[in-house]
Amino acid sequence: MTRNTRQRAAIRRVFVTAERPLTPQEVLSAAKAGAPRLGIATVYRTIKALAEQGEICMVELPGEPPRYELAGKAHHHFFHCSECGHAYVVDGCVGDFELITPEGFVLERHEIVLYGKCSKCADMG
Ligand SMILES: [Zn+2]
Ligand SMILES: [Zn+2]
């Protein structure tokens, strides 16, 4: 394997095993174990390539830098912890938003972000 292939594989593996969406900086820290010479520029470049190939997708929470997660997951939302700043996946969805969509409007999508403290941070406080 070339160095590039090895670094790319390490970054891909980070996304496959991640349980929450990650910023490029978090990807770098996690991938360093499998690719010690990895730098942030390579992480950005690889994320761009993986996104273009549809392997990962961007997660944008209001006022937050972009995060990335593996593409093709079932419908889900996010919980943003105000203490540690991590975004966690919330499986499933509560509702039928047609119920609150104004008459005559056509609903196409929705975004929900829950805010508060994750279980780790709630334990400490
Ligand atoms: Zn937290
Ligand atoms: Zn939903």
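What is the geometry of the site of the zinc ion (ligand 1), given its four donor atoms? I started my notebook with that, and the angles of 102 to 117° among the four donor atoms make it tetrahedral. For my own reference, four donors count as tetrahedral if all angles lie between 85 and 135 degrees; four count as square planar and six as octahedral if opposite donors are over 155 degrees apart and all others between 65 and 115, and anything else is irregular.

**Ground rules**

I am reading a predicted model, where local features need pLDDT of at least 70, side-chain atom pairs count only at pLDDT 80 or more, and totals for chains, interfaces and linings use all residues. Residues are numbered from 1 along each chain as its sequence is written, chains are lettered from A and ligands numbered from 1 in the order in which they are written, and side-chain values use heavy atoms, with hydrogens and water left out.

I looked up the confidence next: pLDDT is the predictor's confidence in each residue, from 0 to 100. The protein chain averages 94, and 98% of its residues score at least 70. Helix 1 has the lowest confidence, with a mean of 91, while strand 2 has the highest, at 98.

**The overall layout**

I found four helices and five strands in the protein chain. These are DSSP runs numbered from the N terminus (helices are H or I with at least four residues, strands are E with at least two). Along the sequence I read the pattern α-α-α-β-β-β-β-β-α. The C-alpha atoms fill a box of roughly 55 × 40 × 20 Å along the principal axes.

Of the 125 residues, 30% are buried. Here buried means under 20% relative accessible area, exposed means over 50%, and partly exposed is in between (1.4 Å probe, protein chains only). I also checked contacts, meaning heavy atoms within 4.5 Å. Among contacts with a separation of 6 or more, 47% join residues 24 or more positions apart.

**Zinc ion (ligand 1)**

I went back to the zinc ion (ligand 1) and listed its protein donors: the SG atoms of Cys-81, Cys-84, Cys-118 and Cys-121, lying 2.3 Å from it. Donors are N, O and S atoms within 2.8 Å of the metal (3.2 Å for Na, K and Ca); water is not among the atoms, so sites may look incomplete. Along the chain I read their spacing as C-x2-C-x33-C-x2-C. Cys-81 in strand 3 (residues 76–81) and Cys-121 in helix 4 (residues 119–124) are 40 residues apart, so this pair links distant parts of the chain. I noted that Cys-81 and Cys-121 are both buried.

**Zinc ion (ligand 2)**

Which residues are the protein donors of the zinc ion (ligand 2)? I found His-75 (NE2), His-77 (NE2), Cys-93 (SG) and His-110 (NE2), at 1.9 to 2.2 Å. Their spacing along the chain is H-x1-H-x15-C-x16-H. Cys-93 and His-110 both lie in the loop between strand 4 (87–91) and strand 5 (113–116), so the pair ties together parts 17 residues apart in sequence. This arrangement is tetrahedral because the four donor atoms subtend angles of 105 to 117°. I logged Cys-93 as partly exposed, at 35% relative accessibility, and His-110 as partly exposed too, at 25%.

I looked at Glu-111 in that loop between strand 4 and strand 5 as well. Glu-111 is exposed, with a relative accessible area of 55%.

**The helices**

I turned to helix 1 (residues 3–17), whose buried residues are Gln-7, Ala-10, Ile-11, Val-14 and Phe-15. Seen down the axis, they fall within an arc of 140°, so they line one face of the helix. The arc is that of the directions from the helix axis to the C-beta atoms. What covers them includes helix 2 (24–31), helix 3 (40–52), strand 1 (56–59) and strand 2 (67–70).

For helix 3, I found Thr-42, Val-43, Thr-46, Ile-47 and Leu-50 buried. These fall within an arc of 135°, so they too line one face. On the other side of helix 3, Ala-41, Arg-45, Lys-48 and Glu-52 are exposed. I saw its buried residues pack against helix 1, helix 2, strand 1 and strand 2. My last entry is Gly-54, just after helix 3, which takes a positive phi of about 75°.
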